[in-house]
Amino acid sequence: MREGLEKLLAKGQDSAVLRFGLGQACWKDEDYAAAALHLAQAVAQNPQYSAAWKLLGKAQLESGATDARAQAQASWQQGLQVAEQQGDTQTAKELTVFLKRLQKLGASPA
């Protein structure tokens, strides 16, 4: 699946949906850094993509970057704002839980 999506991207068929799909595929492959890159592009292309914000935070947290918690927190806070604006209550609830868990792990509140 990932290879097929990468071919579409190479052909210039870039979109938020394609980047989200690539992010999911990379996530499944446990390639969290690549997942974070594609998901960051997805939200850059469509800042209202709450599901992409959610997965972006998860990928950032798993990426092993030195500021992974801060990155994930920022993404989830943005995603929560988007989800609430759009009435996406399920995603908003999930992001609220993720943020609370992150705070319990020792992330400083924003």
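How far apart should the 13 residues of helix α2 place its end C-alpha atoms, at 1.5 Å a residue?

## Helix α2

In this predicted model, helix α2 covers residues 16–28 and should span 18 Å, and because its end C-alpha atoms are 18 Å apart, the expected and computed values agree. Just after α2, E30 takes a positive phi of about 60°.

The buried residues of α2 are A16, L18, R19, F20, G21, L22, G23, A25 and C26, and the buried residues of this helix pack against α1 (2–10), α3 (32–45) and α4 (50–62).

## Salt bridges at R2 and R19

The count of salt bridges comes to five. One of them joins the side chains of R2 and E6, at 3.2 Å from N to O; both residues lie in helix α1, four residues apart, which is about one turn of the helix. R2 counts as buried at 17% relative accessibility, whereas E6, at 33%, counts as partly exposed. R2 and E6 are also linked with D29 and D31 in a network of salt bridges.

R19, one of the buried residues of α2, has a side chain that meets that of D14 in a salt bridge of 2.8 Å, N to O. The relative accessible area of R19 is 12%, so R19 is buried, while D14 is partly exposed, with a relative accessible area of 36%.

## A link between α6 and α4

The side chains of E94 and K54 meet in a further salt bridge, at 2.5 Å from N to O. E94 lies in helix α6 (residues 89–104) and K54 in helix α4, so the pair ties together parts that are 40 residues apart in sequence. E94 counts as partly exposed, at 24% relative accessibility.

Methods: Residues numbered from 1 in each chain as written. Predicted model: local features only at pLDDT ≥ 70, side-chain atom pairs only at ≥ 80, totals over all residues. Heavy atoms only, no water. Helix = DSSP H or I, 4+ residues; strand = E, 2+ residues; numbered from the N terminus. Expected span 1.5 Å × (residues − 1). Buried < 20%, exposed > 50% of the residue type's maximum accessible area, 1.4 Å probe, protein only. Contact = heavy atoms within 4.5 Å. Salt bridge = Lys/Arg side-chain N within 4 Å of Asp/Glu carboxyl O.
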